[in-house]
Amino acid sequence: MDLEQIFESHMNDIYRYLFSLTQHHAQTEDLLQETFIKAHITLLAKPIDDIRPWLFKVAYYSYIDSVRKQKLIVVTNEINQIDERTPEQFVVEQDSYIQLLKLLNELKDIERQAILLCDVHECTYEQVAEILSMNINTVKSHVARGRKKLRELLSKEE
């Protein structure tokens with residue numbers, strides 16, 4: 001697969017993952033571009049077998065690097081979608097997504113990362129362990145704790 005095919009097939013997932021971390025459209029686009037630049041450079045040197053989790057890992061470390069550089073995260077309520085939807089679909093999805101992000105922001109950072117990668121972006125535990133550079137059992141623990149806290153937060157809101 002060439003870089004253009006990789007970009008087309010994984011761009012939306014990586015964009016949504018980065019947006020859930022930054023909650024800022026412009027910063028997400030910058031990180032998306034940086035992720036695929038790093039991917040291009042690496043892919044020129046060597047082939048990657050399982051590209052999807054590797055791209056999430058590159059995106060995660062690009063995000064971490066930007067946080068270290070900025071020491072500031074801007075949170076907005078604006079969500080810009082890449083694909084086209086009807087206005088009704090957009091409003092319903094935007095409200096649900098914003099509610100999910102608010103609840104996820106109440107979790108510890110590592111639990112939020114594990115939940116986003118496992119549940120939202122459908123990565124396996126093995127892939128998440130590789131992306132976050134931790135033991136698979138640790139990932140399972142963070143996911144379980146995060147899910148439990150999310151259930152508690154959801155029951156409080158109802």
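**Group meeting talk: helices, rings and charged pairs**

Let me start with one residue, Phe36. Its relative accessibility is 6%, and because the limit for buried is under 20%, Phe36 counts as buried. Everything I say today refers to a predicted model. I will come back to Phe36 after a look at the whole chain.

The chain has 158 residues, and 39% of them count as buried. What is it built from, in helices and strands? There are seven helices and zero strands. Reading along the sequence, you get the pattern α-α-α-α-α-α-α. As for contacts between residues at least 6 apart in sequence, 63% of them join residues at least 24 apart. The accessible surface of the chain comes to about 9300 Å², and carbon and sulfur atoms account for 52% of that.

Now the aromatic rings. A pair of aromatic rings is described by the distance of the centres and the angle of the planes. How many aromatic pairs does a search of the whole structure find? The search finds four. One of them is Phe7 with Phe36: the ring centres are 4.8 Å apart and the planes stand at 80 degrees, and since an angle over 60 counts as edge-to-face, this pair is edge-to-face. Phe7 sits in helix α1, residues 3-22, and Phe36 sits in helix α2, so the pair ties together parts that are 29 residues apart in sequence. Are the two partners buried or exposed? Phe7 has a relative accessible area of 27%, which makes it partly exposed, whereas Phe36, as I said, is buried at 6%.

Another pair is Tyr15 with Phe19. Here the centres are 6.3 Å apart and the planes are at 15 degrees, so this pair is stacked. Both residues lie in helix α1, four residues apart, about one turn of the helix. Tyr15 is buried, with a relative accessible area of 5%, and Phe19 is buried too, at 3%.

Next, charge. Side chains of opposite charge can pair when their charged atoms come close. The count for this model is eight salt bridges. In helix α1, the side chains of Arg16 and Asp13 meet in one, at 2.8 Å from N to O. Arg16 and Asp13 are three residues apart in that helix, which means about one helical turn separates them. Arg16 is partly exposed, with a relative accessible area of 34%.

Helix α5 has a salt bridge with the same spacing in sequence, three residues. Arg112 pairs with Asp109, and their closest N and O atoms are 2.5 Å apart. Again, about one helical turn lies between them. Arg112 counts as buried at 11% relative accessibility, while Asp109 is partly exposed at 36%.

Which residue forms a salt bridge with Glu111? That partner is Lys149, with the closest N and O atoms 3.1 Å apart. This pair links distant parts of the chain: Glu111 is in helix α5 and Lys149 is in helix α7, residues 136-157, with their positions 38 residues apart in the numbering. Glu111 is buried, at 1% relative accessibility, and Lys149 is partly exposed, at 29%. There is also a network: Glu34, Lys38, Asp65 and Arg68 are joined by salt bridges that share partners.

Let me stay with helix α5, residues 109-120. At 1.5 Å a residue, its twelve residues should span 16 Å, and the end C-alpha atoms are 15 Å apart, which agrees. The buried residues of this helix are Glu111, Arg112, Gln113, Ala114, Ile115, Leu116, Leu117 and Cys118. After the helix comes Glu122, whose phi is positive, near 55 degrees.

One last residue is Gln27, in helix α2, residues 25-45. Gln27 counts as buried, with a relative accessibility of 11%. What does Gln27 touch, leaving aside residues up to four places away in sequence? Its contacts are Thr22, Ser66 and Gln70.

To sum up: seven helices and zero strands, four aromatic pairs and eight salt bridges. Phe7 with Phe36 connects helix α1 to helix α2, and Glu111 with Lys149 connects helix α5 to helix α7. Thank you.

Technical notes: Residues numbered from 1 in each chain as written. Predicted model: local features only at pLDDT ≥ 70, side-chain atom pairs only at ≥ 80, totals over all residues. Heavy atoms only, no water. Helix = DSSP H or I, 4+ residues; strand = E, 2+ residues; numbered from the N terminus. Expected span 1.5 Å × (residues − 1). Buried < 20%, exposed > 50% of the residue type's maximum accessible area, 1.4 Å probe, protein only. Contact = heavy atoms within 4.5 Å. Areas by Shrake-Rupley, 256 points an atom, 1.4 Å probe, with all protein chains shown as cover. Phe/Tyr/Trp six-rings, centres within 6.5 Å; stacked < 30°, edge-to-face > 60°. Salt bridge = Lys/Arg side-chain N within 4 Å of Asp/Glu carboxyl O.
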